[in-house]
Amino acid sequence: MVKKHVNPFDVLAVKPNSERILLSLCDGAGCVGLASRNCGMVFDRFIAVEQDQTSKLICNNVNDGKEGIPAPDHDWHNNICDITGDDIASLGTGNIKLVAWGAPCEDMSLLRLLRKPSATGEYNPRPGLAGPKGKVFLECIQIMGWVLKHKPRCELFVDNVVFEVLTDD
């Protein structure tokens, strides 16, 4: 007997007139859209939040609106710091099926330890979540909290470096 592939999002109940939304924060080149398509996932809307124009162009070319993943919507927001709880609520209760993010990792990365400290010794090579890039990661966590308020069974995919040794984080 041949086992039929089951899309996990087909199993979840979809209310009439609701959307299946893929929300990608710090989207970059749109790899989550490509990976979702390659895994056979199906979405009605692909919201890709990204500031960098070159990354948006790459994302648009990689995700052309075929095979279950619509073309990315870059108009919803450009900066994750501008997203509010009301913005998430406006997407509809239960509509967001997958949230993905790959926040910048420079403030948590071990590679920063290779830099030489400044003469004053005030340089902190790994500020973690307190650094400017780390704060972007915290923004993503806040947005995920709003998503879970409206869609408790939403799937989550996060890509970042391991920073468990940063005990303050």
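Strands E1 and E2 (residues 45–49) run parallel and pair over 5 bridges. Within that pairing, Ile21 has Arg45 of E2 as its bridge partner. The model shown here is predicted. This report starts from that strand pair and works outward.

## The sheet

How many strands form the open sheet, and in what order? There are 5, arranged E3-E2-E1-E4-E5, with parallel pairing. E3 and strand E5 (155–158) stand at the edges. Each has a single partner strand, so one side of each lacks a neighbour in the sheet.

E5 pairs with E4. That pairing is also parallel in sense and covers 4 bridges. Here Val99 stands opposite Leu156 of E5.

Now look at E1 again. Are its residues buried or exposed? Of its 5 residues, 5 are buried, so E1 is largely enclosed by the rest of the structure. Both of its faces are covered. Ile21, Leu23 and Leu25 are buried on one side. Leu22 and Ser24 are buried on the other.

## The whole chain

Step back to the full chain. It has 5 helices and 5 strands. Along the sequence they follow the pattern α-β-α-β-α-β-α-β-α-β. The chain has 169 residues, and 42% of them count as buried.

## An aromatic pair

How many aromatic pairs does the structure hold? It holds 1. Trp101 and Phe137 form this pair, and the geometry is edge-to-face. The ring centres are 6.0 Å apart, with 80° between the planes. An edge-to-face label needs an angle over 60 degrees.

Where do the partners sit? Trp101 lies in strand E4, while Phe137 lies in helix H5 (residues 132–150). The pair therefore ties together parts that are 36 residues apart in sequence. Both Trp101 and Phe137 are buried.

## The second largest pocket

The second largest pocket holds about 180 Å³ of space. Its lining has 14 residues. Which of them lie nearest its centre? They are Cys26, Asp27, Cys31, Val32 and Gly102.

Three elements each give at least two residues to this lining: strand E1 (21–25), helix H2 (31–38) and strand E4 (96–101). By residue type, the lining divides into 8 nonpolar, 4 polar and 2 charged.

Cys26 deserves a second look. It lies in the loop between E1 and H2. Its phi is near 55°, a positive value in a residue other than glycine. At 18% relative accessibility, Cys26 counts as buried, because the cut-off for buried is under 20%.

## Cysteines without disulfides

How many disulfides does the structure hold? The count is 0. A disulfide needs two cysteine sulfur atoms within 2.5 Å.

Take Cys31 first. Its closest cysteine sulfur belongs to Cys59, at 8.5 Å, which is too far for a bond. Cys31 counts as exposed, at 52% relative accessibility.

Cys81 gives a second case. For its sulfur, the closest cysteine sulfur is in Cys26, at 8.2 Å, again too far for a bond. Cys81 counts as partly exposed, with 43% relative accessibility.

## Accessibility at a glance

Some single residues have a relative accessibility and a class. The table sets them side by side.

| Residue | Relative accessibility | Class |
|---|---|---|
| Cys26 | 18% | buried |
| Thr84 | 34% | partly exposed |
| Cys81 | 43% | partly exposed |
| Cys31 | 52% | exposed |
| Gln53 | 52% | exposed |

Two of these residues have not been placed yet: Thr84 and Gln53.

Thr84 is in the loop between strand E3 (72–73) and helix H4 (85–89). Along the chain, Thr84 and Gln142 are 58 residues apart. In space, their C-alpha atoms are separated by 9.2 Å.

Gln53 belongs to helix H3 (residues 53–62). How far apart are the C-alpha atoms of Gln53 and Ala29, and what is the spacing of these residues along the chain? The C-alpha atoms are separated by 9.9 Å, and the residues are 24 apart along the chain.

Notes:
Residues numbered from 1 in each chain as written. Predicted model: local features only at pLDDT ≥ 70, side-chain atom pairs only at ≥ 80, totals over all residues. Heavy atoms only, no water. 1 Å grid on protein atoms, 1.4 Å probe; cavity = no way out; pocket = protein on both sides within 12 Å on 5 of 7 lines; lining within 4 Å. Points joined across faces, edges and corners; volume = space filled by probe spheres on them. Nonpolar A, V, L, I, M, F, W, Y, C, P; charged D, E, K, R; others polar. Buried < 20%, exposed > 50% of the residue type's maximum accessible area, 1.4 Å probe, protein only. Phe/Tyr/Trp six-rings, centres within 6.5 Å; stacked < 30°, edge-to-face > 60°. Pairing = 2+ DSSP bridges.
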